[in-house]
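Let's look at how the chains in this model meet one another. Have the sequence and the 3D view open as you read.

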Amino acid sequence: MQNSDLALQIKNKFPSIVLDEQPNFLVVPKTALLDVACFLKSELGFETCHCLTAVDRKDKMEVVYHLYSFSNHFMLTLKVIISLDDLTVESVSSLWRSADWLEREVFDLFGIRFLNHPDLRRIMNPDNWTDHPLRKDFKREDFIPRPVTLGLKG
Amino acid sequence: MGELLTVNMGPQHPSTHGVLYLELTIDGEIVVNCKPHLGYLHRSMEKIAENRTYIQFIPFTDRLDYLASMNNNLGFCLTVEKLLNIPVTPRAQYLRVIIAELNRVASHLVAIGTFAQDLGAYATALFYTFSDREKIVELFDNICGSRLTYNYMRIGGVSGDIPAGTEQIIKDFIAYERKQLKEYNELLTYNVIFLARSKKIGILSKEKALNYGVSGPILRASGVKWDIRKEEPYLVYDKFDFDVPTGGVGDSWDRYKIKLDEIEQSLRIIEQAIGAIPEGNPVSKVNRVFRGTGETYMRTENPRGELGFYLVAEGGFNPYRCKIRSPSFSNLSVLSELIKGLNISDAVCVLGSLDIVMGEIDR
Amino acid sequence: MISMLLKGLAALGFIAVSAMFLIWLERKVSAWIQNRLGPMMTGFQGTLQPIADTIKLLLKEDIVPNGVDFISWWLAPFFVTVPVVMAFLVIPFSAKWIILDLNVGALYICSVTSLCVLGIFMAGWGSNNKYSLLGGMRSAAQIISYEVPLLLSVLLVVMQAGTLSMQGIVHAQHNEWYIFKPHLALAFIIYFIAATAEVNRVPFDIPEAESELVAGYHTEYTGMKFAMFFVAEYTNMFIISAIGTTLFLGGWQGPFLPGIVWFLLKAYGLIFLLMWIRWTLPRLRMDQMMSFAWKVLTPLALLNLLVSGWFMVN
């Protein structure tokens, strides 16, 4: 199985969505996430959501899903791009229970809300904290970024 | 007692294997609800990774799953090598395999000893397994100077060659450990009380295991024959001949027995590798400074499951984003499902059999 | 009157020395089983270690937790220790050395040792602590359940010997120790298992299970009160071993050596067996323990009693 096969199958099933196909990952639009995920789980055999994380790209946020299919031995990297003024995305925890805690972690560290999540609370930081540490604009008085070229040449 | 009682287990408790806080709601002796609270060991490693160079981050990976530091180092180094296309010398590959498998044996020994202790075989099994582990830890001390957090792997190889005489020590250890495995089987595995306490407790079905993203010995105990070392071999694992043991039912006894079987398989791998180490220089001769772009995801088989690193690089000296997919995190999420309806004693047994390390759950 | 007083004081002295010896023995036996050395620095092979432990416990601050039910909390250690000391009244150390040879000795011992349950329950309730309460209730249930097979096996010995008096039972074994008779060997096994449960030793130590409920019913006790629980447990171990020796192993009888030496050897042999089991086996779960008492041991003991009694009558 290849990325291109999967992209083809998804495009056949959902002709209306705009699928961005890159060599290593696929980008789906936010609105189509749940449908594509259902399709991947039920018909293409992706039994596990192996990893779920987010990357702060300063002008947008990416939510990255790593889905694995045991029957096809293939790890699919799926991305959803969300803009900074609407940090919400559908939750896939109804399909894969592993996404439950992983989405809570993304909420805790980035502030992205997952709609229809059974229990969206912070998981690692204190419950009544207000900040989201892994964002690139996270500022604290006592957090000093190290100068990058400390002692390095080249 | 008809009313429900809320009991706090942890964060400091003799059998929660670290700082885990479980809020149990019990009705008499039966657990009705379980709410785990994490974060007592959160050290924001992923944020730190964005502020360190690739080499500077390797000691931090030691402290994730501190019982299997070498395997964590290995996972991170392999991810960086995959991202930046850095070759590894053959001697370094064999050394990495041997060291990683020895660390797997050490980690499983701790798991076995502490599981027996949770069940009440107070300290005897623990002393035996820890004195076996002492041999491994002393060996690592000779190789890299440290007993728990090794920082031995480097990007492109290892930090130093093994001293003379190490191969003989490892061969002696393999013979000794095989005898000890027989003793553990006699002492614990087929003991009537041990069986009564752990058979049919906390059964995890195959479908639930896959859905919850469980991996490693727990997944194999539930009947799924899955090992990254066989399916997506990294380093030189495809050159070795070893089995992947699976359990029958997925109860706590299976999860315990699998660890003994895996120790035997690791000893087989080490035996084959020791006989075939090529000559050469295991220390990498690459740039001290790595820069690259792109992203990659690489997973390795840790003693606790599949450790994955998702690395995004944007051309700087530091990673742009380093996500650590820790196996114990997903393994722990099954706990609240498994212990509903069990006694408190059984809850302790299930938690012990899941073999979690808080260092990698909280990062 | 004076001789009774002296005998009583001698018994108290023996209890104190024996408890210390047992603490040392436990640590050495556990060290030997676990491939290590145990106490070595205090005195020769660590023989002064128990004295060091006692001094440490005496010097500890006596903390009274908030909200305890003072009377039951304060009296609990006494209710645990005193019955055990009272049981010393009828233990036959040798042909002449027995404080008082009651002609209902066996009955007296069984009734007195049952009083310990009260103490444990009072400790659990009075401590104002969820964990202690759970531990106290579990312990009470356990001890009461295991009393039944214990008494049934003692009953079989009494039937065989024809007398309740402890010296009488010892004399009835002058030909052959009772453990060599098949129905009494079974009774000995039942007795030993039930007695392990009576003293809360592994595999029946759920009430003080360290890895589950921290320390169970004696969590809230410090210093000398904790020492009393400790001493009571070790003395109880000695009592049940002494009773086992008297009932099944021929008491103080044996060739060449004086009676008391044989008695102590046999009693401490049984204690060594108890310790050996403690450091080897895991513990049973509460419901497994209860079902074992009621569904396995009690029917077995009853059956044994019935069959042996039928053979004895015919």
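## Where B meets C

In this predicted model, the contact between chains B and C draws on 27 residues from chain B and 20 residues from chain C. On the chain B side, five elements are worth finding in your viewer: β1 (5–9), α4 (90–118), α5 (124–144), α7 (192–198) and α14 (344–354) of chain B. Each of them supplies at least two residues to the side that touches chain C.

What kinds of residues are these? Sort that side of chain B by class and you get 15 nonpolar, 8 polar and 4 charged residues.

## Where A meets B

Now swing over to the other contact. Here 29 residues of chain A touch 30 residues of chain B. From chain A, β3 (48–56), β4 (60–69), β5 (74–83) and α3 (98–110) each bring at least two residues to the side facing chain B. The biggest giver is β3(A), with 6 residues. By class, that side of chain A holds 15 nonpolar, 10 polar and 4 charged residues.

Of the 2 pairs of chains in contact, A and B share the most contacts. Chains A and C don't touch: no contact joins them, and their closest C-alpha atoms lie 25 Å apart.

## A look at chain A itself

Chain A has 3 helices and 7 strands, and along the sequence they run α-β-β-α-β-β-β-β-α-β. Its C-alpha atoms fill a box of roughly 50 × 45 × 30 Å along the principal axes.

Of the 154 residues in chain A, 33% are buried. Take the contacts in chain A with a separation of 6 or more: 46% of them link residues 24 or more positions apart.

Notes: Residues are numbered from 1 along each chain as its sequence is written. Chains are lettered from A and ligands numbered from 1 in the order in which they are written. This is a predicted model: local features need pLDDT of at least 70, side-chain atom pairs count only at pLDDT 80 or more; totals for chains, interfaces and linings use all residues. Two residues are in contact if their C-beta atoms, placed from the backbone, lie within 7 Å. Helices (H or I, at least four residues) and strands (E, at least two) are DSSP runs, numbered from the N terminus. Ala, Val, Leu, Ile, Met, Phe, Trp, Tyr, Cys and Pro count as nonpolar, Asp, Glu, Lys and Arg as charged, and the others, Gly among them, as polar. A residue is buried if 20 or more other C-beta atoms lie within 10 Å of its own, exposed if 12 or fewer, and partly exposed in between; C-beta atoms are placed from the backbone.
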